[in-house]
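Hi,

Here is the structure I said I would pass along. Have a look at it first, and my notes follow underneath.

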Amino acid sequence: MAESAQYEELVRQFSAFGAVKREMNRLMPSDCPSGSAAVLTVLGRDGDMRMSRLTELLSVDMSVTSRHVAHLAERGWIERSPDPADKRSRILRLTPAGRTRLDELFRLTTQLLAERLCDWSDEEVGRLTQLMARLRSSFGDPRTVPRQAPSALEQTTRTPAST
C-alpha cells in the first residue's frame, strides 16, 4: 500500500486535473456541452438502451439524464422510441446525424490529446490509459465492467474526453 504522502500528492493532482478537463470541455461545440457529449458517447459505445441504463452508466441523476436526452433529441442527434418489452419505457438510439456529431467530437478530442501529448511515447499513453481505467474500476465505474462479445462498432469506437 502506498504511503500517506503519495495519496496526498494524488489528491493534489486530481485537483489540478480540473484544468485539463476544463480545456477539453472548452473545445466542445456550443450546441453540444460535455454532458450531451457524454450521452452521445455512451450510446455510440454501448448501443441502444433505456434511459434508466443510460443514467446508471453516466452515474448521474435521472433528471440530469432527461435534460441531456431532451437537448439531443431536439437537435435530431438521438431518437426515443417505445420499448417493445415495456411500452412505458423508451429506447434511446443515435441517429445518423448523432453519429456524425459524435465522430466530430472524437476528432476534436483526439486532435487535442495528440497535440498536448505529442512528446509522450506510445507506451506512456498506453500506460496512462490502463491506469485511468483501473482507477475508474476501483471506484466502481459501471463502464469498466467487461461486457459480453463487443460488436464491431464497439471495437472501433473511442470515447471523447468528456466521458
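**Salt bridges, a helix pair and two cysteines**

Arg116 and Glu23 form a salt bridge, with 2.1 Å between the closest N and O atoms. Before you read anything into that distance, keep in mind that this is a predicted model. The two partners come from distant parts of the chain: Arg116 belongs to helix H5 (residues 96-116) and Glu23 to helix H1 (residues 4-26), 93 residues apart. As for solvent, Arg116 is partly exposed at 48% relative accessible area, and Glu23 is partly exposed too, at 26%.

That pair has company, since the search of the whole structure turned up 12 salt bridges. I'll go through a few of them.

Arg93 and Asp48 meet through their side chains in a salt bridge, 3.0 Å from N to O. This one also links distant parts of the chain: Arg93 is in strand S3 (residues 86-94), while Asp48 is in the loop between H2 and strand S1 (49-50), and the two are 45 residues apart. Arg93 has a relative accessible area of 24%, which makes it partly exposed. Asp48 is partly exposed as well, with 45%.

Next come Asp83 and Arg50, whose side chains form a salt bridge at 2.5 Å, N to O. Asp83 sits in strand S2 (residues 78-83) and Arg50 in strand S1, so this pair ties together parts that are 33 residues apart in sequence. So is Asp83 buried or exposed? With 7% relative accessible area, Asp83 is buried; the cut-off for that word is under 20%. Its partner Arg50 counts as partly exposed, at 31%.

There is also a network of salt bridges, which links Asp31, Arg101 and Glu104.

Now for the helix packing. Two packed helices are described by the angle between their axes and the distance between the axes. For helix H2 (residues 34-46) and helix H4 (residues 62-74), the axes come within 9 Å and cross at roughly 80°. Angles from 65 to 115 degrees count as roughly perpendicular, and H2 and H4 are therefore roughly perpendicular to each other. Which residues make the contact? On the H2 side they are Gly35, Ser36, Val39 and Leu40, and on the H4 side His68, His71 and Leu72. Sorted by type, the residues of this contact are 3 nonpolar and 4 polar, with no charged ones.

If you want one residue to start from there, try Ser36, which lies in helix H2. Ser36 is buried, with a relative accessible area of 1%. Setting aside its neighbours within four places in sequence, Ser36 is in contact with His68, His71 and Leu72. Those are the H4 residues named above for the helix contact.

Last, the cysteines. How many disulfides does the search of the whole structure find? It comes back with 0. Cys32 is buried, at 0% relative accessible area, whereas Cys118 is exposed, at 61%. For reference, a disulfide would need a pair of cysteine sulfur atoms within 2.5 Å.

If you open the model in a viewer, I'd begin with Arg116 and Glu23, then move to the crossing of H2 and H4.

Cheers

Key: Residues are numbered from 1 along each chain as its sequence is written. This is a predicted model: local features need pLDDT of at least 70, side-chain atom pairs count only at pLDDT 80 or more; totals for chains, interfaces and linings use all residues. Side-chain values use heavy atoms; hydrogens and water are left out. Axes are lines fitted to C-alpha atoms, for helices over the stretch in contact, and angles run from 0 to 180 degrees between N-to-C directions. Helices (H or I, at least four residues) and strands (E, at least two) are DSSP runs, numbered from the N terminus. Angles under 35 degrees count as roughly parallel, over 145 as roughly antiparallel, 65 to 115 as roughly perpendicular and the rest as oblique. Contact means heavy atoms within 4.5 Å. Ala, Val, Leu, Ile, Met, Phe, Trp, Tyr, Cys and Pro count as nonpolar, Asp, Glu, Lys and Arg as charged, and the others, Gly among them, as polar. A salt bridge is a side-chain nitrogen of Lys or Arg within 4 Å of a carboxyl oxygen of Asp or Glu. Buried means under 20% relative accessible area, exposed over 50%, partly exposed in between (1.4 Å probe, protein chains only).
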